[in-house]
Amino acid sequence: MRWAEMTVECAPESVEAVCYAFIEAGCGGVMMTGEDPVKVQGSLPVTDELTGRMNALRAHLDRLPEFGLPGLKDGMTLRYAEDEDWANAWKQYFKPSKIGRRLVIKPSWEYYEPQPEELVLELDPGMAFGTGGHPTTRLCLQVLEDYITPGMRVADIGTGSGILSLAAARLGAEVVFATDIDLLPRKIARENVAINALESVVHILEMDTFDTQAQDCDLLVANIVANTIIELAPEIAARLRPGGIFLASGIVDNHCALVSEALEAVGLKGIETRREDIWVCLVSRYEGQAETDRSALTRAAQLLPPITAEKGQAD
């Protein structure tokens, strides 16, 4: 299959909105590099739907200034690649790396001799987000290492390559339920689960099945974007048992307070914040609040750039 690879550069303040636009256009994930500007790259399959998706993506990105966000540094660049070309591009820079105290991310095509204390995750990201190379993923992996205890029931929303689910399993989770809004990451995540022989622990589910099974969790992780975390906050709280932990990442620093406010509104009390570059991972504990503070939740959503309002134009 041929792929259309799209690249833009944007200011840090715009990166969440840009990532959201790529995902809404149908990209299974995005790759981000740099700090200011941030380079965002996503890919779409070359099908009959490509032109419509590309036009919707461009229209969405052109409207960033209407939401009070800096526009793109330049226009969108586009190149076409075959599956094999894309895979070889990944192999040029994706090398074994240690994250935190014990976790090692190893590409499936690389040899690595682990130390006795190390937990190796073998990964082939394909076209899905999540290799451990981006700060949001690294933050989540580091926090998982500190909060996962043996026997936990874990959920992973927006699983991408499945990297966080695999880490939770290696760290001792008894069962992990994971899903992604897009079909391609779910397929890739299932392949990575099989590579690591973790099928009995990690279950990559269709979204409706995830809704019914990912309940009464000890820990839930979502490495997505601020707007989606706020939108899903009541649902996330409902999936956690009292005392359960929620890890929220994919958030830029200047949106941290608003996301924290939204999580507090559904009974998720902040206990720790970790940062790398412009990115934040929020750690919260569910206190079993009986009723959502709808006014606080609405306020937080309204103060973020309203990128969800353009959903219909980006589909």
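**Salt bridges, one helix and two surface patches**

Let me start with Arg-274, which is buried, with a relative accessible area of 17%. The cut-off for buried is under 20%, so Arg-274 falls on the buried side of it. Before I go on, please keep in mind that this is a predicted model.

What does the side chain of Arg-274 meet? It forms a salt bridge with the side chain of Glu-272, at 2.5 Å from N to O. Glu-272 is partly exposed, at 25% relative accessible area. The pair also belongs to a network of salt bridges that links Arg-101, Asp-146, Glu-272 and Arg-274.

How many salt bridges are there in the whole structure? A search finds 19. I will show two others.

One joins Glu-122 to Lys-106, with the closest N and O atoms 3.4 Å apart. Glu-122 sits in strand E7, residues 119–123, and Lys-106 in strand E6, residues 103–107, so this salt bridge ties together parts that are 16 residues apart in sequence. Are these two residues buried or partly exposed? Lys-106 is buried, with 8% relative accessible area. Glu-122 is partly exposed, with 23%.

The other is between the side chains of Arg-190 and Glu-206, at 2.7 Å from N to O. Arg-190 belongs to helix H6, residues 183–195, while Glu-206 is in the loop between strand E10 (202–204) and helix H7 (207–213), so here too parts 16 residues apart in sequence are tied together. Arg-190 is partly exposed, with a relative accessible area of 32%. Glu-206 is also partly exposed, at 32%.

Next, helix H4. This helix covers residues 135–147, which is 13 residues. From its first C-alpha to its last it reaches 18 Å, close to the 18 Å expected at 1.5 Å a residue. Why can we call H4 largely enclosed by the rest of the structure? Because 11 of its 13 residues are buried. Among them are nonpolar names you would pick out by eye on the screen, including Leu-139, Leu-141, Val-143 and Leu-144. The buried list also has Arg-138 and Glu-145, and it runs from Pro-135 to Tyr-147. As background, an α-helix has 3.6 residues a turn, so residues three or four places apart point the same way.

Now a contact between parts separated in sequence. Ala-81 is in strand E4, residues 77–82, and at 3% relative accessibility it counts as buried. How far apart are Ala-81 and Trp-3 in sequence and in space? They are 78 residues apart in sequence, and 5.2 Å apart in space from C-alpha to C-alpha.

Last, the surface. There is a patch of negative charge where Glu-13, Glu-35, Asp-36 and Asp-277 gather. Where is Asp-277 placed? It is in the loop between strand E13, residues 268–276, and strand E14, residues 279–286. Asp-277 is partly exposed, at 46% relative accessibility.

There is also a nonpolar surface patch of about 270 Å², made by Ile-23, Ile-181 and Met-207. Met-207 is in helix H7 and is partly exposed, at 39% relative accessibility.

To go back over the main items: Arg-274 is buried and is linked with Arg-101, Asp-146 and Glu-272 in a network of salt bridges. Helix H4 is largely enclosed by the rest of the structure. On the surface, there is one patch of negative charge that includes Asp-277 and a nonpolar one that includes Met-207.

Note on methods. Residues are numbered from 1 along each chain as its sequence is written. This is a predicted model: local features need pLDDT of at least 70, side-chain atom pairs count only at pLDDT 80 or more; totals for chains, interfaces and linings use all residues. Side-chain values use heavy atoms; hydrogens and water are left out. Patches are made of residues with over 30% relative accessible area and no salt bridge: like charges are joined within 9 Å, nonpolar side chains (Val, Leu, Ile, Met, Phe, Trp, Tyr) within 5 Å. Accessible areas come from the Shrake-Rupley method with a 1.4 Å probe; for residues, only the protein chains shown count as cover. A salt bridge is a side-chain nitrogen of Lys or Arg within 4 Å of a carboxyl oxygen of Asp or Glu. Lys and Arg count as positive and Asp and Glu as negative; His and the chain ends are not counted. The place of a charge is taken as NZ of Lys, CZ of Arg, CG of Asp or CD of Glu. Helices (H or I, at least four residues) and strands (E, at least two) are DSSP runs, numbered from the N terminus. Buried means under 20% relative accessible area, exposed over 50%, partly exposed in between (1.4 Å probe, protein chains only). The expected span of a helix is 1.5 Å times one less than its number of residues.
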